[in-house]
Each structure stands twice: as C-alpha cells, then as structure tokens.
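Work through the exercises below with the model open beside you. Try each task before you read its solution.

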Amino acid sequence: MSLPATIHTSVGQSMISRVTRFYNNSAHDALIELLQNSRRAGATRVDIDSFDLSGRPVLVIRDNGSGIDDPAKLVTLGDSGWNGEIASREDPAGMGVFSLAGHRVEIRSFSTAANQGWSVVIAADAWESGSPLTIEPCSIDGGTEILIDMPSGWSETLAAAAKKAAAHYPLQVFFQGEPCARSDFLAEASRVETWNGCRIGVFRGRNYRSSPEEAVNFHGLTVACPLPSVSEVGGDQCWHVRVDIVDAPALQLVLPARKEMVQNAALTDLREAAEAAIYRTIAAAGSHRLVHEQWLRAHALGVILPEAAPWLSTWLPRTADGDGIVLGEHVAGVPMVLVPNEEPHIEQCAGRVLCNALPLGGVLVREVAGFEGYGWYDALARVSALSFSVESDAGIYAYGGDTLLPEGIESGRVARIVLEVAVKSSREATGEDKRYSLPVDVLIAPDEGWYADLDQTAILLPHDSSITPHELASLIEDACFCPGDDCGDDSWETQHNYFEKRARHVANNLLLGEDAAILERIRDVLHDEVTWLVPEGRCVAIVAEHSEVSLSYVTAEATSEPA
C-alpha cells in the first residue's frame with residue numbers, strides 16, 4: 001500500500017456503538033444533562049415527574065423552552081444544534097441526550113422553524129445500532145417533553161437526584177408538582193467577587209480540604225476542582241473558595257460526562273484570581289496571622305497586607321503524648337524570648353526552671369518559624385542553644401538534642417545538673433550570645449529518643465533535688481508516654497494506665513528506695529485487682545511471701561495502718 005498525502009481528524013462509526021458507556025447510567029447524571037438543555041432553550045420552568053405507564057415506571061421531564069427545531073440534531077453525536085451565541089458562550093458538546101443511551105426514550109418537542117410538534121421513540125437498542133428513527137407529528141404546542149423508561153434503582157434515588165440537580169440550578173424545578181429548594185452556590189460566603197464571567201466566593205471553615213469539594217458550579221452542575229486555600233498560624237479555620245460560573249467560555253468541562261474541569265490556561269488564571277480574592281478578604285479583616293511566605297505571595301498578587309499581628313503564645317513544655325504542643329496565653333508589647341522546639345523530654349525538664357519568673361530576661365514564647373522575615377519577629381531575642389551539663393562521679397558531660405549520655409550511665413543521684421542556655425538578641429545580631437546557667441532538679445534522658453521504653457531511660461537527680469515521687473511520676477509521663485497506635489495495640493486508656501504504674505514505680509524506687517517502691521507497687525495491684533472483691537464491712541488480712549499467700553478475715557480493730 002502507499003501512504004496518503006494528507007490525513008484529517010474524524011470520528012469513527014464505532015464510537016456510536018459505545019455511547020452507552022459515556023455516562024454512568026445514574027438518574028442524577030441524566031437529570032443534570034437534560035436540565036442544562038432546558039436552560040439553554042430559554043425555559044423558565046422545568047417539571048420532573050414519574051408515573052406508571054402500562055406497568056412500566058416512567059420518568060418525565062418537561063420544560064417550556066423554545067423546543068427542538070431539527071430532530072436530527074438531537075441524536076447526532078457531537079452536533080449540538082445550538083445557535084452561535086450559545087455555542088460560543090458554553091461550548092455545548094452535543095452529547096447530553098446520550099446520557100439516556102441504553103434506555104427506551106420518547107421525545108416530544110415543538111419545532112418553531114416547522115411550526116409543528118413532533119415526536120420520536122428511541123428503543124433501548126437503537127442508540128448503538130444507528131437504525132432509522134421515525135418522526136411522527138405531535139400535538140405539543142411548545143417546549144420539550146421527554147419520557148424515559150426507568151431502570152431498576154432509579155425510583156429509589158429519583159427524589160434525591162432531583163433535589164441535588166435543582167439545588168444550584170438557575171431555574172425553578174418542580175418535582176412531582178412541588179418546587180425544589182434552591183440556594184445560591186456562594187451563600188454564606190465572607191466575600192464575593194466577580195471575575196471574567198465568574199463569581200468567586202471566599203469562605204472560612206474548619207479543616208477544609210479542597211480536592212473532594214464540589215467547588216465549581218456550572219449552572220447547577222457542580223464538580224470537584226482543587227482550588228486555592230489559605231490557613232493562618234494557630235487557627236483551626238481555613239480560607240477557601242467556591243466558584244459560580246456565569247458566562248466563562250474558556251473554562252471548560254471534560255467531556256462527555258463533565259465531572260471535572262479541563263486543566264487549561266483559563267483554569268490556571270482562575271486559581272490565581274481566587275487566591276488573590278482570599279488575600280483581599282483577609283486584608284478586609286484588618287489583621288492576620290499569615291506566615292511570611294504567604295504575605296509575600298499576597299504582595300505578588302497585588303494585595304498589600306500589614307505584617308502579621310505581633311503577638312505570640314507563651315512557651316509551655318510540650319508532652320510526648322501525640323507530640324502535643326500546648327500554647328499558652330497571647331503575649332504582646334513586652335520583651336519576649338523565642339524558644340525553639342525541642343524533644344518533649346528536654347522541654348519538660350528545662351521547663352521546671354524556665355517557667356519560673358523570667359530567667360532569660362523576657363517572657364518565653366513558642367517560636368513560629370514561618371514568621372521569620374517579619375520585622376517585629378526578627379527583632380526578638382531567641383534561644384540559640386540549649387543543653388544540660390551533668391556533673392557526676394563519671395565526670396562532667398553534656399546532654400541535649402544532638403548529644404547522648406555516655407554509655408553506662410544509669411538512673412540515680414548525681415552531684416549537679418545545670419541547664420545551659422544561649423540567647424541571641426535578635427535574628428541578625430552578630431555579637432556574643434548571652435549565656436545562662438540554671439540549676440535543674442531532674443534530667444530524663446531516653447536512650448533512643450523520647451519514645452524509648454522506661455527500661456532504656458536514664459533519670460538523673462542532683463543530691464539536693466526535692467522533687468516528690470508524685471511530681472517525678474507525672475514528669476516521666478509527660479516526657480515519655482507515647483502510646484502505640486498499631487491495630488494490635490491496646491487502647492489508649494489501657495496503655496496509659498500501664499505506663500502510669502510503671503512511672504510511679506520508677507519514681508518511688510529512685511526517691512523512696514526499693515523496699516518502699518515494692519510496697520507501693522503491691523498496693524497498686526491490690527487496689528486495682530483485689531479490694532473490690534472484699535465484702536462491704538469486712539476486712540481481709542494478707543500475708544504474702546515469694547511463693548505463698550495467706551488470707552484471713554479479721555476485725556477492723558485488728559488491722560494496722562497500711563505500710
């Protein structure tokens with residue numbers, strides 16, 4: 001064979017045989033497509049109804065639009081038949097009626113050009129065969145009426161499908177004679193802007209995720225589309241947008257089912273316009289907590305914002321459970337010292353001295369790295385280094401975020417523990433950092449990070465430490481308790497109760513001695529597992545040895561104070 005000199009694009013006849021797979025065969029998809037046609041036909045009302053016809057459930061959709069002039073256009077794939085104005089504004093694909101492919105359909109419509117009504121019946125198997133369809137005269141005197149043999153399942157979903165299709169549709173839709181509720185797609189927006197034939201609504205909501213959100217409305221057809229969102233520091237609300245398309249031909253939907261937006265230059269421009277709208281809404285609020293990078297982005301989009309509000313949260317040591325950062329009260333207008341994030345056990349031990357008075361010359365506040373670049377934030381003093389110095393019989397050694405205790409160090413008493421802190425006067429300061437040496441009464445040092453087991457955790461106490469067993473147990477819990485979340489792990493409560501008991505035993509053992517710690521551990525077991533078995537008003541004496549337990553009832557007078 002010889003190669004052709006030219007080729008051109010075309011649609012193969014085999015495409016017709018696949019039309020039943022263009023849509024998902026749902027009542028909602030069918031209603032959406034037919035409602036779009038009614039709107040384009042200039043209808044002011046659409047009625048959706050259902051009834052039983054000779055034992056067949058039938059869905060009926062009627063409108064009072066201009067009707068269909070040329071029946072052939074209706075069933076010509078890709079030939080919409082709409083006039084030039086509608087074709088240029090909305091880019092109709094000429095595929096909407098094929099959402100009914102595979103169903104028996106009767107269409108009745110009025111042709112203005114022919115000045116008469118007509119009807120056609122499309123059998124269920126005629127959509128793919130290309131068989132001739134007979135046009136019959138019809139008494140209809142305006143608009144279009146479509147009767148669809150409903151498949152099983154449509155009857156149960158029809159009411160919900162009609163409600164959803166009508167929710168943001170610009171015309172009044174009646175379902176079984178009752179008007180369907182309608183609402184503005186941008187209702188409850190904080191701000192609405194117009195842009196290139198679109199309305200952009202800016203909203204604020206909790207934990208917003210843009211991807212699954214039906215964020216774009218095309219005359220009642222809502223589709224998911226990732227659009228910009230902006231979160232501020234320390235807030236649980238997120239700024240996001242929804243778009244109501246009014247007349248924007250360049251914004252197109254992926255054919256045939258039209259469930260997503262075409263990724264083109266117009267959509268890119270829309271996203272930028274939406275982002276700018278968010279920043280304008282934030283500007284109108286008067287103050288914000290955007291990170292510096294977002295602030296620069298707003299400027300690049302032509303939105304001039306003041307710097308983020310100059311306050312920070314009081315620094316409080318974070319806990320190991322969920323790596324929780326606890327934010328204290330807002331601080332502004334006083335000398336502040338930024339404290340960087342450290343591992344929970346370091347923050348918990350350092351906090352025992354840092355949270356007393358103002359040891360570093362200002363109120364300690366939690367750093368917000370994203371604020372770097374703001375003038376007020378860069379001018380603040382900040383902790384540039386933090387570590388512990390331990391003096392013991394083994395010598396003097398350092399411990400911090402980047403250092404570990406020497407091998408062989410075990411829990412117990414040491415001569416002295418000092419928190420060494422360096423403070424820089426500002427971000428750009430070039431002089432010597434100011435240094436502080438603050439005695440602390442305990443150091444908790446997990447061997448493998450803060451998630452290590454207590455058996456691999458060294459707990460060091462200076463000889464003059466006055467910490468109580470209860471205080472130490474609580475500190476161990478805050479510094480080290482991190483529950484497992486694998487499917488095979490026990491519940492949080494079970495893991496927490498077990499850890500609490502372990503922490504109490506470790507604290508008692510260090511501060512009260514082994515004998516007292518054992519008695520306290522036995523007391524815990526008896527309290528949890530035994531005391532509820534003792535009858536009310538009775539007393540039980542227990543004498544336990546390593547391999548034997550003796551029990552007896554005794555009178556209350558015979559009991560002595562518990563050890």
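Buried means under 20% relative accessible area, exposed over 50%, and partly exposed in between (1.4 Å probe, protein chains only). This is a predicted model: local features need pLDDT of at least 70, side-chain atom pairs count only at pLDDT 80 or more, and totals for chains, interfaces and linings use all residues. Residues are numbered from 1 along each chain as its sequence is written, and side-chain values use heavy atoms, with hydrogens and water left out.

**Exercise 1. Cysteines**

Decide whether Cys198 is buried or exposed, do likewise for Cys238, then state how many disulfides a search of the whole structure finds.

Solution.
- Cys198 has a relative accessible area of 2%, so it is buried.
- Cys238 has 5%, so it is buried.
- A disulfide is a pair of cysteine sulfur atoms within 2.5 Å. The search of the whole structure returns zero.

**Exercise 2. The whole chain**

Summarise the protein chain by its helices and strands, its buried share and its contacts.

Solution.
- Helices (H or I, at least four residues) and strands (E, at least two) are DSSP runs, numbered from the N terminus. The chain has 12 helices and 27 strands.
- Of its 563 residues, 43% are buried.
- Contact means heavy atoms within 4.5 Å. Take the contacts between residues at least 6 apart in sequence: 63% of them join residues at least 24 apart.

**Exercise 3. An open sheet**

Give the strand order of the eight-stranded open sheet and name the strands at its edges.

Solution.
- Two strands pair if DSSP finds at least two bridges between them.
- The order is 5-4-3-6-2-1-7-8, with mixed pairing.
- Strand 5 (135–138) and strand 8 (178–179) are at the edges; each has a single partner strand, so one side of each lacks a neighbour in the sheet.
- Inspect one pair. Strand 1 (residues 45–53) and strand 2 (residues 56–63) run antiparallel, joined by eight bridges. Val46 stands opposite Asp63 in strand 2.

**Exercise 4. Helix 10**

Check the span of helix 10 (residues 469–480), then find where its buried residues sit around the axis.

Solution.
- The expected span is 1.5 Å times one less than the number of residues. For 12 residues this should be 16 Å, and the end C-alpha atoms are 16 Å apart, which agrees.
- The buried residues are Leu472, Ala473, Leu475, Ile476, Ala479 and Cys480.
- They cover an arc of only 160° (from the directions of the helix axis to the C-beta atoms), which puts them on the same side of helix 10.
- Their cover includes helix 8 (344–354), strand 24 (443–446), strand 25 (457–462) and helix 11 (492–512).

**Exercise 5. Helix 11 and His496**

Compare the span of helix 11 with expectation, then place His496.

Solution.
- Helix 11 has 21 residues and reaches 29 Å from first to last C-alpha, close to the expected 30 Å.
- Gly513 follows the helix, with a positive phi near 100°.
- His496 lies in helix 11. At 11% relative accessibility, His496 counts as buried.
- Beyond its neighbours within four places in sequence, His496 contacts Glu477 and Phe481.
- Cover for the buried residues of helix 11 includes helix 10 and helix 12 (514–529).

**Exercise 6. Leu419**

Describe the surroundings of Leu419.

Solution.
- Leu419 lies in strand 22 (residues 416–424). Its relative accessibility is 0%, so it is buried.
- Outside the neighbours within four places in sequence, its contacts include Ala350, Leu386, Phe388, Tyr436 and Val440.
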